Amino acid sequence: MSRSRGMLAKIAALLAVFTLVVAACSSDDSGGDTTTTAGGDGGGETFTIGVSNNTVGNGWREQMICAIKAEAKVRGNVDEVVLLNRDTDTAGQISDITSLISQGVDAIILNPGDAEAFNSVIEEAQAQGIVVVVVDNAVTSDAAYLVSNDQAAYGELGARWLFEAMGGEGNVAYMRGIDGVGADTLRDEGFQKALAEYPNITVVSEVFTDWSPTTGAQQALEIITTQDVNGIWTSGIDYSVVEQFAAAGIPYVPVVGADNNAFIGQLLTIDGLTGVAVTNPPSVGGAGAAVAIDILEGKDIAKRTLLTPQALSSTEDLEAIYIDGDFPDGWSSYMEIEPYTHYTAQDVIACKGPGE
């Protein structure tokens, strides 16, 4: 997929707009948060990286995988990315991780669907000398490294913006992710923290979208045509929600979404629409790959790396990151995460791993 120089300049400008603050602590075995510096040649040794993903047909997850591939390719010391990518439940994903262990991969990157169910298989991998890096959704096992966006902050930032945009009162549709998944649980904690400070805000509808644009669109259409809603908080299923207002012929209300390029484009071009894009870059997958490779190269990396989200609502901030032209719906405008990733935006768009 080709890109103009102007488009690449916008992607580069994003790095100047965003400062993804990494919660920092010591990099000893205390399990604290840390800042890490990636890179290195691994002394000539090469590695095989396994990836387990349990949700397909979701733009965020697709971009996450592309970022993992891109980082593995540009590092130069990964010979293969073994990708097990399918719609499956917890038992199926555990089976996939067991398969990666049996294939003798050097590291496993996974986005888990449960906080505790994977602990045993993660510890099995660790016992065999396999590095496990969990991205996006946390687990409770101390055997895994975590690289994640700060999901509680995501929930709180968007909620506070929305409640203020509504003047501190009115009815909210609360459109969550997947029930029981760690990221959704943490986002809810942040949302509820903000909600407690706004007694005149009422949640009139709470649904789980399963992070599916199609499901979210159907739910949004029903909500806005059957209930009096003054604002919508979405867990990243945003552009398909916005589309339902025009379909129903109903005036827009403020919408909270993520840094999806399609949503940002709507905020910049649709008259009467206001909203906020809270950053939650899928390139956290690329950062997770960088951390895994750093560990394999012998670097001392702490167990937790958190990226702090930003709430973008001004035209200036939104224009700085928007990518004009042919770009996948559901993909984030934000691709490169300093100081972790080493690829370019074009590398992520190409979505090629080592040897591909």
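A residue is called buried when its relative accessible area is under 20%, and exposed when that area is over 50%. Keep that in mind for the views below, and remember that the model is predicted.

**View 1. The whole protein has 12 helices and 12 strands.**
Start with the full picture before zooming in. The protein has 356 residues, and buried ones make up 57% of them. If you take the contacts with a separation of 6 or more, 72% of them are between residues 24 or more positions apart. The accessible surface comes to about 13,600 Å². Carbon and sulfur atoms account for 46% of that surface.

**View 2. Asp136 sits in the loop between strand 4 and strand 5.**
Is Asp136 buried or exposed? Its relative accessible area is 8%, which is under the 20% cut-off, so Asp136 counts as buried. Look at the backbone too: Asp136 has a positive phi of about 75°, although it isn't a glycine. One residue in contact with Asp136 is Gln151, and that's where the next view goes.

**View 3. Gln151 and Gly155 are both found in helix 5, which covers residues 151-165.**
Gln151 has a relative accessibility of 2%, so it counts as buried. Which residues does Gln151 touch, once neighbours within four places in sequence are set aside? They are Asp136, Ala183, Leu186, Arg187 and Asn280. Further along helix 5, Gly155 has a relative accessible area of 0%, and is therefore buried as well. With its neighbours within four places left out, Gly155 is in contact with Arg187, Gly190, Phe191 and Trp233. Arg187 turns up in the contacts of both Gln151 and Gly155. You can also pick out Val278, which is 123 residues from Gly155 along the chain, with 8.8 Å between their C-alpha atoms.

**View 4. The largest nonpolar core brings together 31 residues.**
In soluble globular proteins, nonpolar side chains tend to be buried together. In this core, the residues with the most contacts inside it are Ile49, Val131, Val133, Val147, Val291 and Tyr340. Where do the core residues come from? Several elements give two or more: strand 1 (47-53), helix 2 (59-75), strand 2 (78-85), strand 3 (107-111), strand 4 (131-135), strand 5 (145-149) and helix 10 (284-296). Helix 10 gives the largest share, with nine residues. Zoom in on Val133 to see some of this packing: beyond its neighbours within four places in sequence, Val133 is in contact with Ile108, Ile109, Leu110, Tyr145, Val147, Gly288, Val291 and Ala292. There's also a second, separate core of 27 residues, and it includes Ile223, Phe263, Leu267 and Leu273.

**View 5. The largest pocket has a volume of about 320 Å³.**
Which of its 23 lining residues are the closest to the centre? They are Asn58, Trp60, Arg61, Trp211 and Ile237. Two elements give two or more residues to the lining, helix 2 and helix 6 (182-195). Helix 2 supplies the largest share, four residues. By type, the lining has eight nonpolar, nine polar and six charged residues.

**View 6. Trp211 lies in the loop between strand 7 (201-208) and helix 7 (213-226).**
This is one of the residues closest to the centre of the largest pocket. Trp211 has a relative accessible area of 14%, under the 20% cut-off, so it's buried. Like Asp136, it has a positive phi without being a glycine; for Trp211 the angle is about 55°.

**View 7. Helix 8 spans residues 239-248 and has several buried residues.**
Buried in this helix are Tyr239, Ser240, Val241, Val242, Gln244 and Phe245. What covers them? The cover includes strand 6 (170-176), helix 7, strand 8 (231-234), strand 9 (255-258) and helix 9 (261-269). After helix 8 comes Gly249, with a positive phi near 65°.

**View 8. A cis peptide bond joins Glu338 and Pro339.**
Follow the backbone to the loop between helix 11 (315-321) and helix 12 (345-350), and you'll find Pro339. The omega angle of the bond between Glu338 and Pro339 is about 5°.

Key. Residues numbered from 1 in each chain as written. Predicted model: local features only at pLDDT ≥ 70, side-chain atom pairs only at ≥ 80, totals over all residues. Heavy atoms only, no water. Buried < 20%, exposed > 50% of the residue type's maximum accessible area, 1.4 Å probe, protein only. Contact = heavy atoms within 4.5 Å. Core = buried A, V, L, I, M, F, W, Y, C linked by side-chain atoms within 4.5 Å. 1 Å grid on protein atoms, 1.4 Å probe; cavity = no way out; pocket = protein on both sides within 12 Å on 5 of 7 lines; lining within 4 Å. Points joined across faces, edges and corners; volume = space filled by probe spheres on them. Nonpolar A, V, L, I, M, F, W, Y, C, P; charged D, E, K, R; others polar. Areas by Shrake-Rupley, 256 points an atom, 1.4 Å probe, with all protein chains shown as cover.
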